[in-house]
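Me: Hi! Could you walk me through this structure with me asking as I go?

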Amino acid sequence: MFYDTISGTPQGGIISPVLANLRSMASKSGFRGVSRLRAGVWRGKTAQVHLIRYADDFVITANSLEILVDRVKPLVEAFLAERGLVLSPEKTLITHVSEGFDFLGQNVRRYPNGKLLIKPSRKAFAHF
């Protein structure tokens, strides 16, 4: 017996990364707009946009908040919308690296002394 699924793909399921690779970032075009921003110039300086991806999770970095909010996020949303996907508002975070962020069970943060530390996140540590 088959039941209609309205909630989408379960997180952590084996099919989730497969769908992400088939439907979005593994295509030959990739994040074309983000690639153009990498090579482009934004207000007189290089945009320095970088994409870090693992399965169906990704982080995009840039040297300015304005680039992420005004240019990158709309490009990513449009790219995903073409494939029937959306960014999760609960999981989408735009922050400065000095405030830190969690990615794949790791916390990435640049401290005032200039050191960038990557260590297990509190949630991952508590789970362990």
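What follows is a short chat about strands, a core and a few single residues.

Me: Before we start, what kind of model is this?

Reply: Happy to help! It is a predicted model, so please read everything below in that light.

Me: OK. Which residues make up the largest nonpolar core?

Reply: Eight residues do: V49, I60, I67, L68, V72, V76, F79 and L80.

Me: And which helix gives the largest share of this core?

Reply: That is helix α3, residues 65-82, with six residues of the core. As background, nonpolar side chains tend to be buried together in soluble globular proteins.

Me: Nice. Switching to strands: how do β3 and β4 pair?

Reply: They run antiparallel, with five bridges between β3 (residues 50-54) and β4 (residues 57-61). One of the bridge pairs joins H50 to T61 in β4.

Me: What about the hairpin there, how many residues lie between the strands?

Reply: Two residues. One thing to look at in that hairpin is A55, which has a positive phi near 55 degrees.

Me: Good to know. There's an open sheet too, right? In what order do its strands come?

Reply: The order is β5-β6-β7, three strands with antiparallel pairing. At the edges sit β5 (101-103) and β7 (116-120), each of which pairs on one side only. Ignoring direction, neighbouring strands in this sheet are turned by 30 degrees against each other on average.

Me: How many bridges are there between β6 and β7?

Reply: Five, in the antiparallel sense. Within that pairing, R109 stands opposite L117 in β7.

Me: Let me zoom in on N107. Where is it found, and is N107 buried or exposed?

Reply: N107 belongs to strand β6, residues 106-110. It counts as buried because its relative accessibility is 18%, and the cut-off for buried is under 20%.

Me: What does the side chain of N107 join up with?

Reply: There is a polar contact of 2.8 Å between the side chains of N107 and D102. Beyond its neighbours within four places in sequence, N107 is in contact with F101, D102, L117, I118, K119, P120 and S121.

Me: Last one: what's up with F125, buried or exposed?

Reply: F125 counts as exposed, because its relative accessibility is 63%. Its place is in helix α4, which covers residues 122-127.

Me: And how are F125 and Q106 placed?

Reply: They are 19 residues apart along the chain, and their C-alpha atoms are separated by 9.4 Å.

Me: Great, thanks!

Methods:
Residues are numbered from 1 along each chain as its sequence is written. This is a predicted model: local features need pLDDT of at least 70, side-chain atom pairs count only at pLDDT 80 or more; totals for chains, interfaces and linings use all residues. Side-chain values use heavy atoms; hydrogens and water are left out. Helices (H or I, at least four residues) and strands (E, at least two) are DSSP runs, numbered from the N terminus. Buried means under 20% relative accessible area, exposed over 50%, partly exposed in between (1.4 Å probe, protein chains only). Two strands pair if DSSP finds at least two bridges between them. A polar contact is a pair of N or O atoms within 3.5 Å; within protein, one must be able to donate a hydrogen and the other to accept it, and residues adjacent in sequence count only if both atoms are side-chain atoms. Contact means heavy atoms within 4.5 Å. Axes are lines fitted to C-alpha atoms, for helices over the stretch in contact, and angles run from 0 to 180 degrees between N-to-C directions. A nonpolar core is a set of buried Ala, Val, Leu, Ile, Met, Phe, Trp, Tyr and Cys residues joined through side-chain atoms within 4.5 Å.
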